[in-house]
Structure formats: structure tokens, C-alpha cells
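Q: Please take a close look at a single part of this model, the cysteine site listed in its database record. Describe where its residues sit and what surrounds them.

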Amino acid sequence: MSQREWIEKDFYKELGVSSSATADEIKKAYRKLARDNHPDANPGDTKAEERFKSVSEAHSVLSDAAKRKEYDETRKLFAGGGFGRGGFTPGTGYTGGGAGNFGAGEFNIGDLFGNASANDSGLGDLFGGLFNRGGGNRTAASRPRRGSDVETETTLGFREAAQGVTVPLRMTSPSPCTTCHGSGAKPGTSPRVCPRCNGSGVVSRNQGAFGFSEPCDDCRGTGSIIDDPCTDCHGSGIQNRTRTITVRVPPGVNDGQRIKLAGQGEAGLRGAPSGDLFVTVHVKADKVFGRAGDDLTLVLPVSYGELVLGTTVSVPTLDGRVGVKVPPGTVDGRILRVRGRGVPRRGGGVAGDLLVTVKVAVPQKLDSTATAALEKYAEAERASGFDPRAGWAGA
Ligand SMILES: [Zn+2]
Ligand SMILES: [Zn+2]
């Protein structure tokens, strides 16, 4: 079957299904049509025979997911009257350029037209020039490639994360080898063009009249063969290089948050833009502070006496100390809010609050004077009518 036939024939129509039909729907439609038009059921009926053949042909393409995809894509390219619409460029099919980048479903328009067989519709001849067909087509292989994104992580102290910090990040990522300047060939030598694929990195395989391309085995899709590999990178042209960049972490970053630094990833090849750098931030716990969004939290240990009588305690904040007033009669566990002393907001402005939770500290050991005083106090407390379990009356 030629490309032309694919373009001309509407297999979906043939089976009476929509172009978005599921594999199941296609199977069902085919079974019914094949049964109805089967030559055994219609002896001597040439129309039914023709129909049976068309239906089988349609089914053979649409029932094969890979073939169906190619069929759909071929037809899409020609939809609306053909090529005039533009928007496709040679090499569209693969963006990677290097070995291993040919996804199973990817589709190379250059090859589609380049490999039309001699007796085909002539589309190949007609459009061949547009797509640089023939040997030495390096369009795809030499296309500039955006650098890869890089993932890294860093661990910050609690206060650093809350207030923002500038940290140096050491990163190891692949870069062009400095010895061979990325060619992979020993200095003084150079790679030669792969004779099998003429430097294109792809070889064609014909299945029926339809051409497919796959990475060239001889050069592993690179288009060139290195006889004398660079000893520093073993012919890969790539070295892992460590670089240090300075990253400004904004205030208020949370544990586990991922920060994107545009253009700080791997360098692009041949002048292409760099990839992005993603930094996952881990935040160490703090001895004193916790975080609840933009609020800082803090547990303030107090004595029973301080809760009953009230006091003012000096508590730490991210930015110096602040006096917190504990009113008389404050119950254990109460949260006191200190406005504006939480985590700074990004770009300045109003910060979150500091939330101070009072927690009574019970002495585990008292000297005799304090013990005697406490016993005396307990007696006085009872005499005053205080009953801590008054709420349980009758329980
Ligand atoms: Zn090759
Ligand atoms: Zn090298």
C-alpha cells in the first residue's frame, strides 16, 4: 500500500466508524461488515467481494495501533488540500538528534517523503527537494538542542529558609568535553561521516511502500564514526563537570519546595538555550521555632505561678527578642499572638505572626523551702474554695 493510497482512502469511513473510534469499536464494525460481505455468504456478488476487500484492508491498518497512528498522521499532514498550509519542517519527527531519541511513535516527515518508492505517486519527487532528501541530510542531527533541565537539592537551616538566603550550589552535570571540545575524537583527529547513513544518523527501512526510519546502528544515531576516541571522555564528547552557582532562596521557602531557576540548567548544544535548574529545598528543624505557613510557632515554657499571676517574658524571634505579656490567669496551652514577627513575606512587606503557646513547666524536684511553701499554698488554695475538678461535680 502506498502513501498515496493512505491519503486517498478513508478507512474510518470504510468501516463506518469515527476517526476517534476505539479499538473495540473498530473490531466490532469490521466483524459485522466482514460477515455481511464475505464471499462465502455472497457467491458471485463482485460488489460484496470488493467491499469485503476494502473492509479487510481498512481493518488491517486500523487494528494495528502503530499503523493506525502513522495512517492518522499521514492523513493529517495532507488534510485540507495538502502542503500549502505550512507549519511543518524537516526533521520535525525527532527533536533529540542523538542516539536513543527516537521514540517508537515518533514520526519523521523527512523520511516519509524521502523514501517513497520509485513507482509511487511521485510525491517523493515533488517534495523531495523541500526535505533535503538523499544522503548527507544532517538537518535533524545538527539541530541546536536546548540544554536539559537539571534537578538538584539543598538543605537549609530553619532560619535561613524563613528569612531567605543566598547559597552556593555545587552541581555536577554533563558538559562538552574540554579535551576534544565535544567531538569525542582524540585531539588532532576528527570523527568521520558514517558511511552507512551518510551522516544523517538514521537509516531507512521499507515496509511495503511505506518508509520508516530508525537510528543507524553503525554510528548509534550520531551520524559520525570515531576511529580514535578521546581518552578523557572515551569518545562520548561529554564530561561531567562540576560548577558552582549562587542561588538566592527567597524568604519563606518551605521544606520540600521546588524552586525553578530559569536558564540555570545544562548548557544548550550549539548555541541553543540552556535548560532550567530545579532546586528542591529541605529545611532543617529548629530547636525553638516551628512553622505554620507564614506564621512562626514557639512553645513558651512558663511556671504555674507565672500563669496565675501574669508576667512578661522575653522570647526570641527571627529578628531579635520581643517581650510577650502573659496576662494573669492565663490557662495552660493558650496561644498568644505577636503580630508581624513571623516569616517575612517574599519581596518584603508584612510578615506572618509569631504564635506563642504557653506550656506550664512542672518542677521535678523542689528544695525543702519551696516544698514547704507549696504545701502551705495548697492548703490556702483549698481553703479559698478552689477545686480544679469543680466541673466534674456529679460525674
Ligand atoms: Zn550511521
Ligand atoms: Zn573528549
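A: The cysteine site comes before two loop residues and a sheet.

This is a predicted model, in which local features need pLDDT of at least 70 and side-chain atom pairs count only at pLDDT 80 or more, while totals for chains, interfaces and linings use all residues. Residues are numbered from 1 along each chain as its sequence is written, chains are lettered from A and ligands numbered from 1 in the order in which they are written, and side-chain values use heavy atoms, with hydrogens and water left out.

The unreviewed UniProt entry lists C177, C180, C230 and C233 under "binding site"; UniProt positions are given in the numbering used here, feature names are shortened, and annotations may be inferred rather than shown by experiment. These residues span 57 residues in sequence, yet no two of their C-alpha atoms are more than 9.0 Å apart, so they gather at one spot.

C230 is in the loop between β6 and β7 (238-249); strands (E, at least two residues) and helices (H or I, at least four) are DSSP runs numbered from the N terminus. C233 lies in the loop between β6 and β7 as well. C230 is buried, at 1% relative accessibility, and C233 is buried at 5%. Here buried means under 20% relative accessible area, exposed over 50%, and partly exposed in between, with a 1.4 Å probe and protein chains only.

Contact means heavy atoms within 4.5 Å. Leaving aside neighbours within four places in sequence, C230 is in contact with C177, T179, C180, G184, A185, K186 and G235. With residues up to four places away in sequence not counted, C233 touches C177, C180, G184, I238 and Q239.

Two other loop residues have unusual labels for their backbone: N198 has a positive phi of about 55° although it is not a glycine, and R220 has a positive phi of about 55° without being a glycine. N198 lies in the loop between β3 (192-193) and β4 (202-207) and is partly exposed, with a relative accessible area of 40%. R220 sits in the loop between β5 (210-215) and β6 (224-225) and is exposed at 63%.

Lastly, the sheet. Three strands form an open sheet in the order β1-β9-β8, with mixed pairing; two strands pair if DSSP finds at least two bridges between them. The edge strands are β1 (150-156) and β8 (258-261), each pairing on one side only. β8 and β9 (residues 277-283) pair in the antiparallel sense over four bridges, and R258 has T280 in β9 as its bridge partner.
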